Amino acid sequence: PIYDSNFKIRGLVSIWRNITESLNFKIALEESQARFATIVNQQHTGVCIIDPETHTVLEVNPFACQLAGIKREDIIGKECHHLLCPAQKGECPVTDQGLELENSERALCTSHGTQIPILKTVNRIVYDGRECLLETFVDISKQKASEAALSEQKHLLDTLFENTPLAMLLISSDLTLERANKAAEKLFGDSALNMQGKLCGEVIC
């Protein structure tokens with residue numbers, strides 16, 4: 001208000017400022033964040049945002065919750081140690097050991113007390129105005145199970161190859177001997193190591 005000498009109001013001073021640009025920026029930011037959240041929440045990849053100082057979980061997507069078997073409200077605000085990550089407190093591979101994780105084989109803790117093998121990547125991002133850790137990971141339990149089954153099958157075949165009473169030779173496409181079993185060693189009177197690399201004709205004839 002503007003007063004005269006008798007302290008009576010003579011007028012008003014009004015100040016106007018155009019905030020259209022600021023409002024448009026805020027709306028665009030909110031729309032961008034909503035789109036980002038939609039994309040992240042629909043991914044079949046676990047996503048977590050961790051505070052690097054306190055190691056509390058700031059955000060987590062539905063797929064990560066599903067893998068861990070833990071509700072979102074039971075994860076947000078909790079320390080990731082033993083909740084999602086098996087590392088002991090003070091032994092974080094990223095913040096304490098200084099490792100850079102990119103498609104690194106790690107483990108994810110579950111509500112059942114088990115661990116799921118995962119491939120994890122950790123990047124530093126700015127979230128809510130502060131530096132945070134963005135963790136993304138995929139479940140590789142099926143892949144690890146397949147590898148274990150193949151390893152078991154190979155071990156079985158190796159055992160059968162070595163212990164069969166029949167002399168057996170493994171010959172490569174260039175007709176050199178790659179492997180011989182115990183019965184072959186006995187039949188040809190030579191060790192498998194010594195026969196390895198020789199042409200099959202030199203061993204058999």
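This section describes the sheet, the salt bridges, two residues with positive phi and a nonpolar surface patch in a predicted model.

The sheet considered here is open and comprises five strands in the order S4-S3-S7-S6-S5, with antiparallel pairing. Its edges are formed by strand S4 (57–60) and strand S5 (104–109); each has a single partner strand, so one side of each is left without a neighbour in the sheet. From one strand to the next, the twist averages 40°. Within this arrangement, strand S3 (residues 46–50) and strand S7 (residues 130–139) are paired in the antiparallel sense over five bridges. Val 47 has Thr 136 in S7 as its bridge partner. In general, the strands of a sheet pair through backbone hydrogen bonds, in either a parallel or an antiparallel manner.

Eleven salt bridges were counted in the model. In one of them, the side chains of Glu 59 and Arg 72 meet with an N to O distance of 2.7 Å. Glu 59 belongs to strand S4, whereas Arg 72 is placed in the loop between helix H2 (62–68) and S5; the pair therefore ties together parts that are 13 residues apart in sequence. Both ends of this contact are partly exposed: the relative accessibility of Glu 59 is 25%, and that of Arg 72 is 40%.

A salt bridge is also formed by Glu 105 and Lys 144, whose closest N and O atoms are 3.1 Å apart. Because Glu 105 lies in strand S5 and Lys 144 in helix H3 (residues 141–163), this pair ties together parts that are 39 residues apart in sequence. Strand S5, which carries Glu 105, is one of the edge strands described above. Glu 105 counts as partly exposed at 49% relative accessibility, a value under the 50% limit above which a residue is classed as exposed. Lys 144 is likewise partly exposed, at 28%.

Helix H3 also contains a salt bridge between two of its own residues, Asp 158 and Lys 154, with the side chains meeting at 3.0 Å, N to O. These residues are four positions apart in the helix, which means that about one helical turn separates them. Asp 158 is partly exposed, with a relative accessible area of 22%, while Lys 154 is exposed, with a value of 53%. The contact belongs to a network in which salt bridges with shared partners join Lys 154, Asp 158, Glu 162 and Arg 179.

Positive phi values occur at two non-glycine residues described here, His 55 and Asn 103. For His 55, phi is about 60°, and the residue is located in the loop between S3 and S4. For Asn 103, phi is near 50°, and its location is the loop between H2 and S5. The two residues fall into opposite accessibility classes: His 55 is buried, with a relative accessibility of 9%, whereas Asn 103 is exposed, with a relative accessibility of 51%.

Finally, Ile 171, Leu 175, Leu 199 and Ile 204 make up a nonpolar surface patch of about 350 Å². Of these residues, Leu 175 is situated in the loop between strand S8 (169–171) and strand S9 (177–180).

Notes
Residues are numbered from 1 along each chain as its sequence is written. This is a predicted model: local features need pLDDT of at least 70, side-chain atom pairs count only at pLDDT 80 or more; totals for chains, interfaces and linings use all residues. Side-chain values use heavy atoms; hydrogens and water are left out. Patches are made of residues with over 30% relative accessible area and no salt bridge: like charges are joined within 9 Å, nonpolar side chains (Val, Leu, Ile, Met, Phe, Trp, Tyr) within 5 Å. Accessible areas come from the Shrake-Rupley method with a 1.4 Å probe; for residues, only the protein chains shown count as cover. A salt bridge is a side-chain nitrogen of Lys or Arg within 4 Å of a carboxyl oxygen of Asp or Glu. Two strands pair if DSSP finds at least two bridges between them. Axes are lines fitted to C-alpha atoms, for helices over the stretch in contact, and angles run from 0 to 180 degrees between N-to-C directions. Buried means under 20% relative accessible area, exposed over 50%, partly exposed in between (1.4 Å probe, protein chains only).
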